[in-house]
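Colleague: I should like a close look at a single part of this model. Please take one helix and describe its surroundings in a connected account.

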Amino acid sequence: MEEYLTQAPQIQWFPGHMAKTRRIMKENLGMVDIVIEMRDARIPKSSRNPEIETIVGQKPRMVVFNKADLADPEITREWLEYYKAHGVNTLTVDCRSGRGLNQFVPAVKEVLKDEIARRQARGMTGKNIRMMIVGVPNVGKSSLINRLSGSKRAKVEDRPGVTRGKQWVRLENGIELLDMPGVLWPKFDDKTVGERLAYTGAVKDVVYDIEWVGMRFLAFLRENYPHYLEQRYKVAREETQGLEPFELLELVGRKRGMLLSGGMVNTERAAITVMDEFRSGKIGRITLERPKTLAPQEEHPIENQVE
């Protein structure tokens, strides 16, 4: 595995509209009371855009881990404890089923309780709470807004880069949401960050080699969730031992009957299938990183700690 880590290609994706989004965030920050940073519960570290903290500054912030239904529940608990220990307000939700969303508004009001008390003391009880929803592409920002508003006012598709402009949505309970397009950062210093963003679909498939990503994911699965690999793709553990990642991809494709003329395995089709099944949760509840894997300099994250 170490050989494949050192040979990992650099996955990058920062189209022009993302640079524009950063400017829009800065321009509209003064109009909101709180920033809701959404992350993917399967990659809490890799879906953290480090530039958001710089842009947000001292503005109150809450981190929402979406797609918690797709993540390993044990590791999710580890992440919640980790961020709680560092004074960061967090919430786990599943925007597809709506699970956890009943806690969203109370959690926001708890973060803003001092500001709300000041408004009440001034007689400003009718003023709406305004929040900005930010995060990397395909993390579920629009799904969150649609769930909260009970409509489909925000565009939702299972691919990154759909929301291209800011959208204001007003809820019935005195809350206004500003939905921002998904934004990455210009350069991933850690190659595994780009790789994991590719796994979850935050980076467009056209900017990387899907076969390479598929075989890397299968190697991760063999090492960390071998029972899922066995259950989903009907491969015995002894069959996978000693195989190089590409050979593992071939084995999965052969088990699925993805053969070309001459008996060769259609590895591209196999890789696409594997990644689609991971993203949809068909393989199982999988998390790609946990707090104890953070580098020493990341043990105390540089994040705005909301009191």
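Modeller: The following account concerns one helix, the core to which it contributes, and the helices packed against it.

The model is a predicted one, and the helix chosen is α9, which spans residues 210-224. The largest nonpolar core of the model comprises 70 residues. Within that core, the residues with the most contacts are Ile36, Met62, Phe104, Val108, Met131, Phe217 and Ile286. Helix α9 gives the most to this core, supplying 8 residues. Apart from this core lies another, of 12 residues, with Met25, Val35, Ile52 and Met132 among them. As a general matter, nonpolar side chains in soluble globular proteins tend to be buried together.

Phe217 deserves particular attention. Setting aside residues up to four places away in sequence, Phe217 touches Tyr199, Val274, Met275, Phe278, Ile283, Ile286 and Leu288. Two of the helix contacts described below include this residue.

Consider next the packing of α9 against helix α13, which covers residues 267-279. The two axes come within 8 Å and cross at roughly 55 degrees. Because of that angle, α9 is oblique to α13. The crossing in which α9 passes α13 is left-handed. On the α9 side, the contact is made by Ile210, Glu211, Val213, Gly214, Phe217 and Leu218. On the α13 side, the participants are Thr267, Glu268, Ala271, Ile272, Val274, Met275 and Phe278. By class, the residues of this contact divide into 9 nonpolar, 2 polar and 2 charged.

Helix α8, residues 191-200, also packs against α9, at an angle of about 95 degrees and with the axes 10 Å apart. The two helices are therefore roughly perpendicular to each other. Here Glu195, Ala198 and Tyr199 of α8 meet Trp212, Val213, Arg216 and Phe217 of α9. This contact has 5 nonpolar and 2 charged residues, with no polar residue. Val213 and Phe217 of α9 thus appear in the contact with α8 and in the contact with α13.

Finally, the segment after α13 holds Arg285. This residue counts as partly exposed, because its relative accessibility is 35%. Leaving aside neighbours within four places in sequence, Arg285 is in contact with Ala68, Asp69, Leu70, Ala71, Asp72, Pro73, Tyr225 and Tyr228. The C-alpha atoms of Arg285 and Tyr228 are separated by 9.1 Å, although the two residues are 57 residues apart along the chain.

How values were computed. Residues numbered from 1 in each chain as written. Predicted model: local features only at pLDDT ≥ 70, side-chain atom pairs only at ≥ 80, totals over all residues. Heavy atoms only, no water. Core = buried A, V, L, I, M, F, W, Y, C linked by side-chain atoms within 4.5 Å. Buried < 20%, exposed > 50% of the residue type's maximum accessible area, 1.4 Å probe, protein only. Helix = DSSP H or I, 4+ residues; strand = E, 2+ residues; numbered from the N terminus. Contact = heavy atoms within 4.5 Å. Axes fitted to C-alpha atoms, helices over the stretch in contact; angles between N-to-C directions. Parallel < 35°, antiparallel > 145°, perpendicular 65-115°, else oblique. Left-handed = near helix turned anticlockwise from the far one by under 90°. Nonpolar A, V, L, I, M, F, W, Y, C, P; charged D, E, K, R; others polar.
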